[in-house]
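Visitor: Please give me a close look at one part of this model, its surface. I would like each term explained as it comes up.

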Amino acid sequence: MSSAAALKNVVASAVVKGVAEARAHIFGHVLNLTAQRSAHKVLRKKLIGDKVAEWYPYDVKHDDPLIMDRQQQERLSKNQMLKRRGKGPPKKGQGRRASKRNK
């Protein structure tokens, strides 16, 4: 009697496994019999990079080197003006933290 019950259990589990495989094949699911974590759920989603990129306007600075050069020149001239007034950045090793250590 017990061998018949064991055989019935084996056949039932094989049928369930076959049905699960068929269902996964039909609906495009991934069959995960070991129940381990996988990245399938993340990889299945649509990519959103293009949608995010469409949201922001196009930036001309990336293409035109003259615009970047003008901004660089403005920054350098501002730094020179500040240095003439004595308000520019200190030399390396001459900043506020270094002056605290010497006192």
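Guide: What follows goes through the surface, one helix or loop at a time. This is a predicted model, in which local features need pLDDT of at least 70, side-chain atom pairs count only at pLDDT 80 or more, and totals for chains, interfaces and linings use all residues. Residues are numbered from 1 along each chain as its sequence is written, and side-chain values use heavy atoms, with hydrogens and water left out.

The mean pLDDT (the predictor's confidence in each residue, from 0 to 100) of the protein chain is 84, and 97% of the residues score at least 70.

Start with helix H1, residues 2–27; helices are DSSP runs of H or I with at least four residues, numbered from the N terminus. Leu7, Val11, Val15 and Val19 form a nonpolar surface patch, with about 350 Å² of accessible area together. Such a patch joins nonpolar side chains (Val, Leu, Ile, Met, Phe, Trp, Tyr) within 5 Å, while like charges are joined within 9 Å; its residues have over 30% relative accessible area and no salt bridge. Val19 lies in H1 and counts as partly exposed because its relative accessibility is 44%; buried means under 20%, exposed over 50%, and partly exposed in between, with a 1.4 Å probe and protein chains only. Lys17 is also in H1, and at 42% it is partly exposed. From Lys17 to Leu33 there are 16 residues in sequence and 9.2 Å in space, C-alpha to C-alpha.

The loop between H1 and helix H2 (40–44) holds Ala35. Its phi is positive, about 60°, although Ala35 is not a glycine. Ala35 is exposed, because its relative accessible area is 67%.

Next comes helix H4 (residues 65–84), which has the highest mean pLDDT among the elements of the protein chain, 88. Arg70 and Glu74 both lie in H4, four residues apart, or about one turn of the helix. Their side chains meet in a salt bridge at 3.8 Å, N to O; the term means a side-chain nitrogen of Lys or Arg within 4 Å of a carboxyl oxygen of Asp or Glu. A search of the whole structure finds one salt bridge. Glu74 is partly exposed, with a relative accessible area of 48%.

Last is H5, with the lowest mean pLDDT among the elements, 76. Lys100 lies in this helix, residues 96–102, and is exposed at 56% relative accessibility. Arg96, Arg97, Lys100 and Arg101 form a positive surface patch.

How values were computed
Accessible areas come from the Shrake-Rupley method with a 1.4 Å probe; for residues, only the protein chains shown count as cover. Lys and Arg count as positive and Asp and Glu as negative; His and the chain ends are not counted. The place of a charge is taken as NZ of Lys, CZ of Arg, CG of Asp or CD of Glu. Helices (H or I, at least four residues) and strands (E, at least two) are DSSP runs, numbered from the N terminus.
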